[in-house]
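Hi everyone, thanks for coming. I'd like to walk you through a structure that is new to most of us, so please have a look at the screen.

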Amino acid sequence: MKFILFANTDWYLYNFRLSTALQLRSMGMEVVMVSPPGDFGERFQRHGIRWRPLPMERSSLNPWREAGTLARLVGVLREERPDLLHSFTLKCAVYGALAARAAGVPAVVNAVTGLGYVFSSDRAKARMLRPLVSLLMRGALGGEHSRVILQNPDDAQAFADARLAPPHNIRLIRGSGVDLSRFLLRDADGDVRHPLRVLLAARLLREKGVREYAAAAAQLRAKGRDVRFLLAGMPDPGNPHSVPAAEVEAWHAQGTLEWLGHVEDMPALLRSVDVMALPSYYREGVPKSLIEAGACGIALVTTNLPGCREVVSRDGEDGLHVEPRSADSLARVIARLDDDRDLLRRLGERARARALSDFDEKVVIRKTCEVYGELVPLQLQGAMAG
């Protein structure tokens with residue numbers, strides 16, 4: 001049996017879905033990764049997994065270019081003849097479902113990790129696109145032999161309310177999970193370490209709150225606070241809301257924060273910090289950076305918005321909430337943790353407990369395989385029993 005996993009970047013497939021692919025392969029399945037070309041595609045070969053590049057521009061609205069992308073995807077599916085296609089992100093879900101129908105793929109799973117720009121933004125362009133995207137989703141995601149995986153209840157309710165997919169096709173799996181054997185509890189010295197070390201790890205997009213993070217760092221520095229602000233991640237040239245590299249380099253040069261760029265060894269970095277901040281103000285799926293940090297026993301700071309509140313559900317208990325788009329609110333919360341190391345320690349302990357109970361990668365992969373089993377039951381159940 002053959003599975004294809006399709007996403008809009010090879011980076012996403014490698015960092016978020018490699019474990020699922022390896023589990024499928026251990027069950028005797030053939031797995032093929034499909035994405036636009038990038039720096040991570042060739043790495044799949046090290047794990048014995050085949051990768052096929054598919055040229056695709058994530059932000060393109062050119063109808064001829066998009067028709068070409070869809071045609072190439074249909075061609076790949078006809079060549080590979082998979083038993084199941086699993087597509088990730090909104091655009092890939094729509095294109096994948098349409099292409100699978102044209103190529104005769106018998107089963108389709110669509111994972112939408114947050115509703116993203118088109119449904120969360122009030123900008124004219126997003127409002128203009130929303131009816132068209134909604135129409136495409138209704139046509140693409142409603143097949144009898146398909147399922148839609150969402151990561152948080154808010155998105156599940158939004159999908160149902162907007163009739164974007166039939167309710168009986170929707171499944172809720174919270175996040176992509178983390179490997180708890182890699183993200184271990186750090187040394188218990190967070191209550192005495194000085195200066196406080198704060199990290200934001202994400203794609204450098206405006207909606208992730210990157211500029212608010214830099215502004216909060218500048219505020220606390222101006223007040224004489226000895227707090228180190230670290231920023232891990234790279235600009236995303238394929239996203240129109242990416243923060244320019246020159247702007248981030250200026251923050252680094254001015255000493256506002258320390259820009260680390262892409263970090264390969266996240267467990268090692270997390271063992272060296274005290275707080276993970278993600279002041280995101282758009283609809284996340286379930287942010288993996290918060291889960292990874294929580295697994296290491298690090299205090300979490302984020303907004304009370306869809307996706308983020310799946311990890312920090314109660315302010316003051318399993319993390320702290322900040323106001324969206326507010327550098328002042330973020331600065332106040334970071335200062336509070338700098339002053340109260342007992343609170344810092346307690347929040348880290350509760351974040352670790354939450355990660356262990358709710359976000360273990362093994363649980364997520366098992367639930368994902370159960371969704372596959374709804375569509376290809378005989379073959380998959382036999383493999384799982386083996």
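**A walk through the model**

Let me begin with a single residue: E370 is partly exposed, with a relative accessible area of 41%. Please keep in mind that this is a predicted model. What does E370 form a salt bridge with? The partner is R366, and the closest N and O atoms are 2.9 Å apart. R366 is partly exposed too, with a relative accessible area of 41%. Both residues sit in helix α14, residues 361-375, and being four residues apart there, they are separated by about one helical turn.

Now, how many salt bridges does a search of the whole structure find? The answer is 27. Let me show you some that reach across the chain.

Take R43 and E264, whose closest N and O atoms are 2.7 Å apart in a salt bridge. R43 lies in the loop between β2 and β3, while E264 lies in the loop between β10 and α10, so this pair ties together parts that are 221 residues apart in sequence. Is R43 buried or exposed? R43 is buried, with a relative accessible area of 15%.

Next come R203 and D236, whose side chains meet in a salt bridge at 3.0 Å, N to O. This pair links distant parts of the chain, 33 residues apart: R203 is in the loop between β8 and α8, and D236 is in the loop between β9 and α9. R203 counts as partly exposed at 28% relative accessibility, whereas D236 counts as buried at 8%.

There is also a network of salt bridges, and it links K2, E30, R50, R52, E79 and E80.

Let's turn to the sheets. As a reminder, strands of a sheet pair through backbone hydrogen bonds, either parallel or antiparallel.

One open sheet has seven strands, in the order β3-β2-β1-β4-β5-β6-β7, with parallel pairing. Which strands stand at the edges? They are β3 and β7, and each has a single partner strand, so one side of each is left without a neighbour in the sheet. From one strand to the next, the twist averages 20°.

Within this sheet, have a look at β5, residues 108-112, and β6, residues 146-150: they pair in the parallel sense over five bridges. A111 has I149 in β6 as its bridge partner. Helix α7, residues 153-161, packs on the sheet and touches β5, β6 and β7, with its direction making about 135° with that of β6. Another helix, α2 (residues 18-26), lies across β1 and β2 and runs at about 155° to β2.

On to the other open sheet I want to show you. Six strands form it in the order β10-β9-β8-β11-β12-β13, and the pairing is parallel. Here β10 and β13 stand at the edges with a single partner strand each, so one side of each is left without a neighbour in the sheet. Neighbouring strands of this sheet are turned by 25° against each other on average, direction ignored.

Let me zoom in on β11, residues 275-278. Both faces of this strand are covered: V275 and A277 on one side are buried, and so are M276 and L278 on the other. What does β11 pair with? Strand β8, residues 196-201, pairs with β11 in the parallel sense over two bridges, and V198 stands opposite V275. Strand β12, residues 299-303, runs parallel to β11 and is joined to it by four bridges, with V301 in β12 as the bridge partner of A277.

Between β11 and β12 comes helix α11, residues 288-295, and together the three make a right-handed β-α-β unit. Helix α11 lies across β8, β11 and β12, running at about 165° to β11. Helix α12, residues 327-339, lies across β8, β9, β11, β12 and β13, and runs at about 155° to β13.

Over by the edge, three bridges join β9, residues 227-232, to β10, and these strands run parallel. In β10, G261 is the bridge partner of A232.

Finally, the cysteines. How many disulfides are there? The count comes to zero. C308, for example, has its closest cysteine sulfur in C296 at 18 Å, too far for a bond. C308 is buried, with a relative accessible area of 0%, and C369 is buried as well, at 3%.

That's my tour. Thanks for listening!

Methods: Residues numbered from 1 in each chain as written. Predicted model: local features only at pLDDT ≥ 70, side-chain atom pairs only at ≥ 80, totals over all residues. Heavy atoms only, no water. Buried < 20%, exposed > 50% of the residue type's maximum accessible area, 1.4 Å probe, protein only. Pairing = 2+ DSSP bridges. Right-handed = clockwise from strand over helix to strand, strands pointing away. Axes fitted to C-alpha atoms, helices over the stretch in contact; angles between N-to-C directions. Contact = heavy atoms within 4.5 Å. Disulfide = S-S within 2.5 Å. Salt bridge = Lys/Arg side-chain N within 4 Å of Asp/Glu carboxyl O.
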